[in-house]
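Good morning, colleagues. Please look at the sequence and the structure as I bring them up, and I shall then take you through them in order.

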Amino acid sequence: MKTLEEIDQMSLDLLEQVADDESVKAPKELADKVRQTIDIEEFLEPASTLSTAKVIRFAAPLVAVAAAVAIVVSLPSSSLKDTYDDPEMAYAELERTLSYISSKMTASVSMAMEAEANVTARANEIIDEIK
């Protein structure tokens, strides 16, 4: 049986010849390992450049802003009034609010990243066991 390094160094023509060689018999356990791999791949995240943490990191602020805009737009214009006479105070309050939202988002993203790391580690363990 060839090692992965030897297989990587083989040309495509040679790989096709080896694949077409019907005198080579597959190991009896191969069918079970293939079935297990297919079962595991149903639970694995498809290969993608966007991880769950990245999606959460970029989508969550957009959802929050969209919700805030929807709420403001849905309010009747006559019910809106200034709550601060001083624009600097209003800006400071806005910064405080956005900082609070950011801290909550950071906690959520770190939880999602930790979960992603645990899932990835477990999936790697299962794949290593199969190999």
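I shall go through the overall fold, then a pocket, a surface patch, the salt bridges and one contact between distant parts of the chain.

Let me say at the outset that this is a predicted model. The protein chain contains five helices and zero strands, and its pattern along the sequence reads α-α-α-α-α. Of the 131 residues in the chain, 6% are buried. The accessible surface amounts to about 11,600 Å², and carbon and sulfur atoms account for 61% of that area.

I turn now to the second largest pocket. Its space comes to about 250 Å³. Which helices each supply at least two residues of its lining? They are helix H4, covering 52-74, and helix H5. The largest share, six residues, is contributed by H5. Reading the lining in sequence order, one finds Pro 61, Ala 64, Val 65 and Ala 68, followed by Leu 94, Thr 97, Leu 98, Ile 101, Ser 102 and Met 105. Sorted by class, eight of these residues are nonpolar and two are polar, while no charged residue takes part.

Some of those names return on the outside of the model. A nonpolar surface patch of about 530 Å² is formed by Tyr 91, Leu 94, Leu 98, Tyr 100 and Ile 101. Tyr 91 itself is located in helix H5, which spans residues 87-130. Leu 94, Leu 98 and Ile 101 therefore appear in two roles, as members of this patch and, since each has an atom within 4 Å of a pocket point, in the lining of the second largest pocket.

Next, the charged pairs. How many salt bridges does the structure hold? There are two. One joins Arg 96 to Glu 93, with 2.5 Å between the closest N and O atoms. These two residues are three positions apart in helix H5, so about one helical turn separates them. Their surroundings can be described as well: Arg 96 has a relative accessibility of 53% and counts as exposed, whereas Glu 93, at 24%, counts as partly exposed.

The other salt bridge links Glu 125 with Arg 122, and here the closest N and O atoms lie 3.2 Å apart. This pair, too, is three residues apart in helix H5, and the separation is again about one helical turn. Glu 125 is partly exposed, its relative accessible area being 41%. Arg 122 is likewise partly exposed, at 44% relative accessibility.

Finally, I would draw attention to Val 34. This residue belongs to helix H3, residues 30-41. Is Val 34 buried or partly exposed? With a relative accessible area of 41%, Val 34 is partly exposed. Along the chain, Val 34 and Ile 130 are 96 residues apart, yet their C-alpha atoms are separated by 9.0 Å.

To close, I return to helix H5. In this predicted model, H5 gives six residues to the lining of the second largest pocket. The same helix holds the pair Arg 96 and Glu 93, and also the pair Glu 125 and Arg 122. Thank you for your attention.

Technical notes:
Residues are numbered from 1 along each chain as its sequence is written. This is a predicted model: local features need pLDDT of at least 70, side-chain atom pairs count only at pLDDT 80 or more; totals for chains, interfaces and linings use all residues. Side-chain values use heavy atoms; hydrogens and water are left out. Patches are made of residues with over 30% relative accessible area and no salt bridge: like charges are joined within 9 Å, nonpolar side chains (Val, Leu, Ile, Met, Phe, Trp, Tyr) within 5 Å. Accessible areas come from the Shrake-Rupley method with a 1.4 Å probe; for residues, only the protein chains shown count as cover. A salt bridge is a side-chain nitrogen of Lys or Arg within 4 Å of a carboxyl oxygen of Asp or Glu. Helices (H or I, at least four residues) and strands (E, at least two) are DSSP runs, numbered from the N terminus. Buried means under 20% relative accessible area, exposed over 50%, partly exposed in between (1.4 Å probe, protein chains only). On a 1 Å grid over the protein atoms alone, a cavity is a set of points where a 1.4 Å probe fits but cannot get out, and a pocket is an open set with protein on both sides within 12 Å along at least five of seven lines; lining residues have an atom within 4 Å of a point. Grid points are joined across faces, edges and corners, and a volume is the space filled by probe spheres set on the points. Ala, Val, Leu, Ile, Met, Phe, Trp, Tyr, Cys and Pro count as nonpolar, Asp, Glu, Lys and Arg as charged, and the others, Gly among them, as polar.
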